[in-house]
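Here's a quick briefing to read alongside the model. Have a look at the fold first, then go through the points by topic.

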Amino acid sequence: MDTLTRIRAFIDVVEAEGFSAAARKTGRSKALLSKYVRELEDELGALLLNRTTRQFSMTEAGHTYFRTASDILKEIDNLADLVRENNQQLKGRLRISVPRTFVDADVGQSLIDFAKENPNLSLEIAAEDRFVDLIEEGFDVAVRVTKLEDSGMIARKISDFRVHICATQEFIDSHQPLDHPSDLARVPFIIDTNNRSQNSLKFYNPDGTTFNVAMNGPMEVNSPHATLRGALSSIGIAVVPDFIARKSIDSGELLTLFNDYVPTDRGIYAVYPHRRYLPAKVRIFVDYLHNWFRKNG
């Protein structure tokens with residue numbers, strides 16, 4: 001039995017958090033997986049897993065070995081993907097982290113369309129509004145709507161992105177004058193708590209200098225869709241991503257304020273770990289999203 005098979009068995013057991021779960025996932029018997037892990041430990045001369053009838057845990061050596069072995073196997077699998085890429089359809093699993101806002105909006109259709117065109121590829125999409133650690137949490141790629149910062153990751157811009165400061169005509173008429181962004185400090189907002197700087201808005205002057213305006217209001221919620229509904233109900237101003245507010249703006253239900261002062265330095269990015277061999281499934285997914293937004297954005 002070769003070492004790679006034993007390593008794969010060990011990683012399967014750790015990721016499944018137990019021999020029984022790993023056996024169900026891989027289709028191998030619990031006894032066989034236990035045999036492979038025991039042979040790996042004998043080969044290394046170190047205990048990797050603590051085994052009891054009810055508990056499962058890794059030793060310190062196991063933690064060290066798991067991190068490095070996982071990276072090595074990913075490189076081997078990625079290299080195999082590159083070789084097979086032109087000879088067969090994509091297969092396997094692609095773990096994607098996306099903002100919940102992205103999934104719930106119309107642009108979330110891009111993920112459905114990709115899945116439809118790649119039926120042999122299993123997508124595991126985790127929708128949450130935090131920045132996951134791709135390496136530690138085992139994600140292949142993340143979609144992020146942000147101002148790009150140096151994170152040690154590789155990023156490719158998928159599409160431009162901007163937010164709109166939105167309100168109904170009724171709300172604007174009842175809170176005049178609104179001649180400059182500084183006037184917004186005295187009017188109510190529906191505040192999206194997903195925004196990192198949720199208590200203030202940053203604006204750019206024509207000369208490139210910046211200034212902040214405080215936001216206050218009757219409602220805070222961690223959903224841009226809810227802030228949009230609040231704005232449509234004329235209870236406040238909402239700061240909403242373009243891909244969520246676009247229909248309401250185009251229909252005239254909402255008006256936008258101070259567009260010339262709103263920062264435009266953000267985008268929608270695909271972010272993935274720096275690897276020597278980029279998995280074909282990741283590259284094809286990123287290419288697909290880029291082309292999808294060019295056609296539908």
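**Helix packing, aromatics and backbone oddities**

α2 goes past α3 in a right-handed crossing. Keep in mind that this is a predicted model. The notes below start with that helix pair, move on to a second one, and then turn to rings and backbone.

**The α2/α3 pair**

- Helix α2 covers residues 19-26 and helix α3 covers residues 30-44; their axes come within 8 Å and cross at roughly 110 degrees.
- An angle from 65 to 115 degrees counts as roughly perpendicular, so α2 and α3 are roughly perpendicular to each other.
- On the α2 side the contact is made by F19, S20, A22, A23 and T26, and on the α3 side by K30, L33, S34 and V37.
- Sorted by class, this α2 to α3 contact has 5 nonpolar, 3 polar and 1 charged residues.

**A9, a buried spot in α1**

- A9 sits in helix α1.
- A relative accessible area of 0% puts A9 in the buried class.
- Leaving aside residues up to four places away in sequence, A9 touches L33, Y36 and V37. Two names here come back from the α2/α3 contact: L33 and V37 are among the α3 residues that meet α2.
- For a sense of scale, A9 and V286 are 277 residues apart in sequence, and their C-alpha atoms are 30 Å apart in space.

**The α6/α11 pair**

- Helix α6 (residues 109-117) and helix α11 (residues 280-296) have axes that come within 10 Å and cross at roughly 125 degrees.
- That angle makes α6 oblique to α11.
- The α6/α11 crossing is right-handed.
- From α6, the residues in contact are Q109, S110, L111, D113, F114 and E117; from α11 they are I284, F285, Y288, L289, W292 and F293.
- By class, the contact between α6 and α11 has 8 nonpolar, 2 polar and 2 charged residues.

**Aromatic pairs**

- How many aromatic pairs are there? The count comes to 11 aromatic pairs.
- One of them is F161 with F243, a tilted pair at 5.9 Å centre to centre, with 50 degrees between the planes.
- That pair links distant parts of the chain: F161 is in strand β6 (residues 154-161), F243 is in helix α10 (residues 242-250), and the two are 82 residues apart.
- Buried or exposed, these two rings' residues? F161 counts as buried at 9% relative accessibility, and F243 is buried too, with a relative accessible area of 16%.
- F258 and Y261 make an edge-to-face pair, 6.4 Å centre to centre and 85 degrees between the planes.
- In this pair F258 is buried, at a relative accessible area of 15%, while Y261 is partly exposed at 21%.
- Ring pairs also join F102, F161, F243, W292 and F293 into a cluster. W292 and F293 will be familiar, as they are among the α11 residues that meet α6.

**Around α10**

- F243 has buried company in its helix: the buried residues of α10 are F243, I244, A245, S248 and I249.
- After α10 comes G252, which has a positive phi near 90 degrees.

**Backbone geometry to check**

- As background, most residues other than glycine have a negative phi, and most peptide bonds are trans.
- E17 has a positive phi, near 65 degrees, and is not a glycine. E17 lies in the loop between α1 (3-16) and α2.
- With a relative accessible area of 66%, E17 is exposed.
- F258 also has a positive phi, about 55 degrees, without being a glycine. Where is F258? In the loop between β13 (255-256) and β14 (266-272).
- Unlike exposed E17, F258 is buried, and its ring is the one paired with Y261.
- Which peptide bond is cis? The one from Q176 to P177, with omega near 0 degrees.
- P177 is in the loop between α8 (169-174) and β8 (188-192).

Notes. Residues are numbered from 1 along each chain as its sequence is written. This is a predicted model: local features need pLDDT of at least 70, side-chain atom pairs count only at pLDDT 80 or more; totals for chains, interfaces and linings use all residues. Side-chain values use heavy atoms; hydrogens and water are left out. Axes are lines fitted to C-alpha atoms, for helices over the stretch in contact, and angles run from 0 to 180 degrees between N-to-C directions. Helices (H or I, at least four residues) and strands (E, at least two) are DSSP runs, numbered from the N terminus. Angles under 35 degrees count as roughly parallel, over 145 as roughly antiparallel, 65 to 115 as roughly perpendicular and the rest as oblique. A crossing is left-handed if the near helix is turned anticlockwise from the far one by less than a right angle, and right-handed if clockwise. Contact means heavy atoms within 4.5 Å. Ala, Val, Leu, Ile, Met, Phe, Trp, Tyr, Cys and Pro count as nonpolar, Asp, Glu, Lys and Arg as charged, and the others, Gly among them, as polar. Rings of Phe, Tyr and Trp (its six-membered ring) pair if their centres lie within 6.5 Å; planes under 30 degrees apart count as stacked, over 60 as edge-to-face and the rest as tilted. Buried means under 20% relative accessible area, exposed over 50%, partly exposed in between (1.4 Å probe, protein chains only).
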